Amino acid sequence: MIDGVLDEAVWQRAAVSGGFVERTPTPGAEPPADSRVRILYNDDALILGLEMGLMPGEVPVARTLARESKRIWSDDAVTVKFDVRFEQRNLVGFGVNAAGATIDFVSLENGQVFRTEFDAVWEAKTSIRSDAWVVEMRIPYSALGLPKRPGPQTLGLNIARDHNQRRATDDWSAIPQGFGPGSAVHCGQVTLKDVGAPTT
C-alpha cells in the first residue's frame, strides 16, 4: 500500500542512498539538509521511498495543489527522472510536492524540448515528520515505457529536490554548471532484473 509513511519492514531492509549535491545556488556544495532514497521493484512497478530532511524548526512549503502545474517547483518538491533506454538524451519525469500535488513530463534532447502533456498513470503519497517530509511513489513500468525483457536492464536515474527555505535545488547525481535539469547525460544508474511491461 502506498501511504507515504515508509514504516513497513521492507523499507527498513532496503538500501539507502544519499549524497545529494547542490545545483543552485552553490554548485557542488553539500546541502545542509540531507535527502535519502530507497528503491524497490516488483513485477509491475518501481516503488521509491524518499525522505527530504528538514532544517531545525522548518515546515515544508506546499502552496500548489493543482495537478500538472509547473509552480510545483517553487514549493518543497522532489522530482524523479528516468532515462529509460539509457541513451543519455531523453527523460521521463515524475514530480510531487509536500502536499502531494503531482506533475509528470518528458524531456527530450537533454532538455531542449520539455512537455507536460504526458499524463502517465502513477501514484504518490506524502507525509510530514518533525525531521523530514516523505514521499512514496509507485511508478508502473507501463508509465515508464519500459518493455518486458529477461535479465538485467540499466536505466539512467536522477532525483532533484527543490528546497524552498534555501531557494536551492539538490541533485542525487550532480549536474554541473551550464547544464539544466533535463540533462540526461548526468544521470546515475539503476539496474533492474526481469522487469517491464508486457508488449501487445
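A pocket is defined on a 1 Å grid over the protein atoms alone as an open set of points where a 1.4 Å probe fits, with protein on both sides within 12 Å along at least five of seven lines, and its lining residues have an atom within 4 Å of a point. Grid points are joined across faces, edges and corners, and a volume is the space filled by probe spheres set on the points. The model shown is predicted: local features need pLDDT of at least 70, side-chain atom pairs count only at pLDDT 80 or more, and totals for chains, interfaces and linings use all residues. Residues are numbered from 1 along each chain as its sequence is written, and side-chain values use heavy atoms, with hydrogens and water left out.

**Figure 1. The largest pocket and its lining.** The volume of the largest pocket is about 220 Å³. Its lining comprises 14 residues, of which Trp73, Lys81, Phe105, Phe114 and Pro181 are the closest to the centre. Two or more lining residues come from each of strand E4 (77–83), E6 and strand E10 (152–163); strands (E, at least two residues) and helices (H or I, at least four) are DSSP runs, numbered from the N terminus. By class, 6 of the lining residues are nonpolar, 5 polar and 3 charged. In this scheme Ala, Val, Leu, Ile, Met, Phe, Trp, Tyr, Cys and Pro count as nonpolar, Asp, Glu, Lys and Arg as charged, and the others, Gly among them, as polar.

**Figure 2. Aromatic pairs that involve Phe105.** The whole structure contains 6 aromatic pairs; rings of Phe, Tyr and Trp (its six-membered ring) pair if their centres lie within 6.5 Å, and planes under 30 degrees apart count as stacked, over 60 as edge-to-face and the rest as tilted. The ring centres of Trp73 and Phe105 are 5.9 Å apart and their planes meet at 75°, so this pair is edge-to-face. It links distant parts of the chain, since Trp73 lies in the loop between strand E3 (45–53) and E4 and Phe105 in strand E6, 32 residues apart. Phe105 also pairs with Phe114: the centres are 4.9 Å apart and the planes at 35°, so the pair is tilted. Phe105 is buried, with a relative accessible area of 4%, whereas Trp73, at 24%, is partly exposed. Phe114 is likewise partly exposed, at 36% relative accessibility. Here buried means under 20% relative accessible area, exposed over 50%, and partly exposed in between (1.4 Å probe, protein chains only). Elsewhere, ring pairs link Phe82, Phe94, Phe118 and Trp122 into a cluster.

**Figure 3. Strand E6 and its antiparallel partners.** Of the 7 residues of strand E6 (residues 102–108), 6 are buried, so the strand is largely enclosed by the rest of the structure. Strand E5 (residues 91–97) runs antiparallel to E6 and is joined to it by 6 bridges; two strands pair if DSSP finds at least two bridges between them. Phe105 in E6 is the bridge partner of Gly93. The hairpin of E5 and E6 has 4 residues between the strands, and Gly100 takes a positive phi near 95°. Strand E7 (residues 113–115) is also antiparallel to E6, with 3 bridges joining the two, and Val113 in E7 stands opposite Leu108. E6 and E7 form a hairpin with 4 residues between them, in whose turn Glu109 has a positive phi of about 50°.

**Figure 4. The open sheet E2-E3-E9-E8.** In this open sheet, 4 strands are arranged in the order E2-E3-E9-E8 with antiparallel pairing. Strand E2 (35–41) and strand E8 (123–128) are the edge strands, each pairing on one side only. From one strand to the next the twist averages 10°, where axes are lines fitted to C-alpha atoms, for helices over the stretch in contact, and angles run from 0 to 180 degrees between N-to-C directions. At one edge, E2 and E3 pair over 7 bridges, with Arg36 and Glu51 as bridge partners, and a hairpin joins these strands through 3 residues. Despite its edge position, E2 has 5 of its 7 residues buried, so it is largely enclosed by the rest of the structure. At the other edge, 6 bridges join E8 to strand E9 (residues 132–140), and Lys125 stands opposite Glu136 in E9.

**Figure 5. Val185 and Arg89.** Val185 lies in the loop between strand E11 (168–171) and strand E12 (188–193) and is partly exposed, at 34% relative accessibility. Its C-alpha atom is separated by 6.7 Å from that of Arg89, 96 residues apart along the chain.
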